Amino acid sequence: MKVQKFDNIYAVRLVPGEEIIKSIETVCEAEKINLATVSAIGAVNTATVGLYNLDEKKYHKNHFDCPLELVSLLGNVTRKDGNAYVHVHASFADSDGKVIGGHLNEAVISATCEMFITVIDGYVCRKTDEITGLQVFDI
Ligand code: ZN
């Protein structure tokens, strides 16, 4: 992973074999980032994305083991129990151009990932929402 800071924005380049969520957590812990937005594009060879089932209050996960373009990744970083809490959604395209996506659990880089982490001057924690069971912004 390569990281370069410009004012309040970090440019991040991931290399083959690195996992996206863990990499964002690593940057945020190392740089003491409490609140940020994240965007990225790139290419992966595995991805696990999910859909939250409100009735069951748990994620239904779909795992893909094939070359995929990371078409778009959007999300945020907050704090939960003092640790960086990464919440990102992503869409991926396969060799036919079909797009899948959802809540991103895990994706491993095949070629590269070009990411920007934009730091916001603030602090937001997470709390459990009684109705949905989700970890929502505590604001
Ligand atoms: Zn989500």
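Trainee: At the start of H1, how far from the backbone nitrogen of Ile-21 is the reach of a side-chain oxygen of Glu-19?

Mentor: This is a predicted model, in which local features need pLDDT of at least 70 and side-chain atom pairs count only at pLDDT 80 or more, whereas totals for chains, interfaces and linings use all residues. Residues are numbered from 1 along each chain as its sequence is written, and side-chain values use heavy atoms, with hydrogens and water left out. A polar contact is a pair of N or O atoms within 3.5 Å, where within protein one must be able to donate a hydrogen and the other to accept it, and where residues adjacent in sequence count only if both atoms are side-chain atoms. At the start of H1 (helices are DSSP runs of H or I with at least four residues, strands runs of E with at least two, numbered from the N terminus), the side-chain oxygen of Glu-19 comes to the backbone nitrogen of Ile-21 within 3.1 Å.

Trainee: Over what arc around the axis are the buried residues of H1 found?

Mentor: Buried means under 20% relative accessible area, exposed over 50%, and partly exposed in between, with a 1.4 Å probe and protein chains only. In H1 the buried residues are Ile-20, Ile-21, Ser-23, Ile-24, Val-27 and Cys-28. They are on the same side of H1, because the arc they cover around the axis (taken from the directions from the helix axis to the C-beta atoms) is only 165°.

Trainee: Which exposed residues does the face of H1 turned away from its buried side carry?

Mentor: The buried residues of H1 pack against strand S1 (2-6), strand S2 (9-14), strand S3 (36-53), S5, S6 and S7, where contact means heavy atoms within 4.5 Å. On the face turned away from that buried side, the exposed residues are Lys-22 and Ala-30.

Trainee: What value does phi of Lys-32 take just after H1?

Mentor: Most residues other than glycine have a negative phi. Lys-32, placed in the loop between H1 and S3, is exposed at 66% relative accessibility. Its phi is positive, at about 55°.

Trainee: How many residues apart in sequence are the parts tied together by the salt bridge of Arg-79 and Glu-29?

Mentor: A salt bridge is a side-chain nitrogen of Lys or Arg within 4 Å of a carboxyl oxygen of Asp or Glu, and the side chains of Arg-79 and Glu-29 meet in one at 3.3 Å, N to O. Arg-79 lies in strand S5 (residues 68-80) and Glu-29 in helix H1 (residues 20-30), so the parts that this pair ties together have a separation in sequence of 50 residues.

Trainee: Are Arg-79 and Glu-29 buried, partly exposed or exposed?

Mentor: Arg-79 has a relative accessibility of 5% and counts as buried. Glu-29, by contrast, has a relative accessible area of 35%, and is therefore partly exposed.

Trainee: Which residue meets Asp-81 in a salt bridge?

Mentor: The whole structure holds two salt bridges, and Asp-81, exposed at 68% relative accessibility, takes part in one of them. Its partner counts as partly exposed at 24% relative accessibility. The distance is 3.3 Å, N to O, and the partner is Lys-80.

Trainee: What spacing in sequence do the donor residues of the zinc ion have?

Mentor: Donors are N, O and S atoms within 2.8 Å of the metal (3.2 Å for Na, K and Ca), and sites may look incomplete because water is not among the atoms. The protein donors of the zinc ion are His-87 (NE2), His-89 (NE2) and His-103 (ND1), lying 2.1 Å from it. His-89 lies in strand S6 (residues 83-93) and His-103 in strand S7 (residues 99-119), so this pair ties together parts that are 14 residues apart in sequence. The spacing of the donor residues is H-x1-H-x13-H.

Trainee: What kind of pair do the rings of Tyr-52 and Tyr-59 form?

Mentor: Rings of Phe, Tyr and Trp (its six-membered ring) pair if their centres lie within 6.5 Å, and planes under 30 degrees apart count as stacked, over 60 as edge-to-face and the rest as tilted. The structure holds one aromatic pair. Tyr-52 is buried at 16% relative accessibility, while Tyr-59 is partly exposed at 29%. The ring centres of Tyr-52 and Tyr-59 are 4.9 Å apart and the planes are at 65°, so the pair is edge-to-face.
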